[in-house]
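Me: I would like to learn how to read an interface and a pocket from computed values. Please take one feature at a time.

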Amino acid sequence: MDGNLNMIGYGLAAIGPGIGIGLIFAAYINGVARQPEAQSRLQTIAILGFALAEALAIIGIALAFVL
Amino acid sequence: MSVNVLAATEDPYIPGPSSFDLPPIFGEGTIVTKPMVQIVLFAVLAFAFLYFASRKRALVPGKLQYVGEAGYGFVRNSLGRDIIGSHDFQKFVPYLVSMFFLLLFNNWAAAIPFFQFPTFSRAGLVYGLALISWLVYNGVGIKKHGLGGYLKLQCMPSGVTGPILLLIVPLEFFSNIVVRPVTLALRLFCNMFAGHLLLILFAMGGYWLIFQSGVLGYVPVGILAWVLFTAIFFLELLIQFLQAYVFTLLNAMYIAGALADEH
């Protein structure tokens with residue numbers, strides 16, 4: 001069986017952003033449930049947080065192919 | 001399923017970064033490739049869409065005008081006004097709207113038959129966009145605050161004094177001036193790249209399992225792969241929209257950060 005150890009490393013590295021994105025949207029859902037009128041403001045912040053947390057996974061996949 | 005198809009065992013097509021190196025369209029020796037054609041074509045299409053949507057400007061909008069106005073209003077309100085602030089968001093609306101629609105059309109090219117290739121899964125094109133973004137947000141910041149004031153704004157968080165500045169200033173400079181365009185570009189590029197790679201993997205994997213493996217027991221697995229391919233295709237549609245949104249959102253946030261007054 002052959003393959004690339006990079007991909008296993010990337011799988012491990014993706015755990016962190018996965019948890020992070022989960023936490024962000026959990027907080028977003030909580031916020032909207034408590035205060036539905038704040039949704040439009042929270043949405044922008046949640047998507048920004050999502051994009052920043054996702055950047056780690058994205059850099060990971062780039063490095064998994066490059067290195 | 002005919003027997004002679006199942007009997008032949010062929011090597012699977014293995015998707016990888018080389019799947020994105022497309023040959024020149026007009027044969028060997030020419031330099032024009034599919035992404036280059038696509039970015040021009042979809043830029044023209046985005047322009048045509050906005051032009052024809054805004055040409056009549058009827059009081060009671062038709063369908064096209066309604067869609068155009070909804071898209072324009074979405075970018076103007078949720079990306080421009082809410083983030084840059086109602087004071088000076090107006091002059092950035094054309095930039096944000098054209099950026100958003102260019103990205104949206106080019107990302108959704110991945111879902112259109114015969115194109116089926118996300119333009120921005122070629123990194124070079126994304127670096128160009130990130131360079132424009134970098135020039136714009138630094139430009140408006142320097143224009144408003146002057147070079148010294150702008151660097152102070154970006155590199156010295158207010159309220160920080162003393163020797164810790166020796167640590168903070170290089171870090172903030174590195175993070176706000178140097179790394180920003182890189183992460184901005186990589187985010188868009190890698191999302192398009194990884195999403196397209198995933199689609200190739202499921203499509204070609206299913207094809208190999210069904211037609212080329214020569215094992216009858218693999219056929220249901222291949223069909224499952226194609227079902228998953230369809231599901232991921234729709235997930236990709238969402239991601240392609242979201243990446244266009246996020247890229248423009250971050251552009252707006254960087255501009256807002258460069259324009260911010262000192263606290």
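Me: How many residues does each chain bring to the contact?

Reply: Contact means heavy atoms within 4.5 Å. In this predicted model, 16 residues come from chain B and 13 residues from chain A. Local features need pLDDT of at least 70 and side-chain atom pairs pLDDT 80 or more, while totals for chains, interfaces and linings use all residues. Residues are numbered from 1 along each chain as its sequence is written, chains are lettered from A in the order in which they are written, and side-chain values use heavy atoms, without hydrogens and water.

Me: What area is buried between chain B and chain A?

Reply: The size of an interface is often given as the accessible area lost when the parts come together. Here that area (1.4 Å probe, summed over both parts) is about 1,300 Å², and carbon and sulfur atoms give 82% of it. On chain B, helix H6 (165-212) and helix H7 (218-259) each supply at least two residues of the side that touches chain A; helices are DSSP runs (H or I, at least four residues), numbered from the N terminus.

Me: How many salt bridges does the rule find across the interface?

Reply: A salt bridge needs a side-chain nitrogen of Lys or Arg within 4 Å of a carboxyl oxygen of Asp or Glu. Across the interface of chain B and chain A the rule finds 0.

Me: Which residues line the second largest pocket?

Reply: Lining residues have an atom within 4 Å of a pocket point; a pocket is an open set of points on a 1 Å grid over the protein atoms alone, where a 1.4 Å probe fits, with protein on both sides within 12 Å along at least five of seven lines. Among them are B:Leu50, B:Arg57, B:Glu69 and B:Tyr72.

Technical notes
Buried area is the accessible area (1.4 Å probe) that two parts lose on being put together, summed over both.
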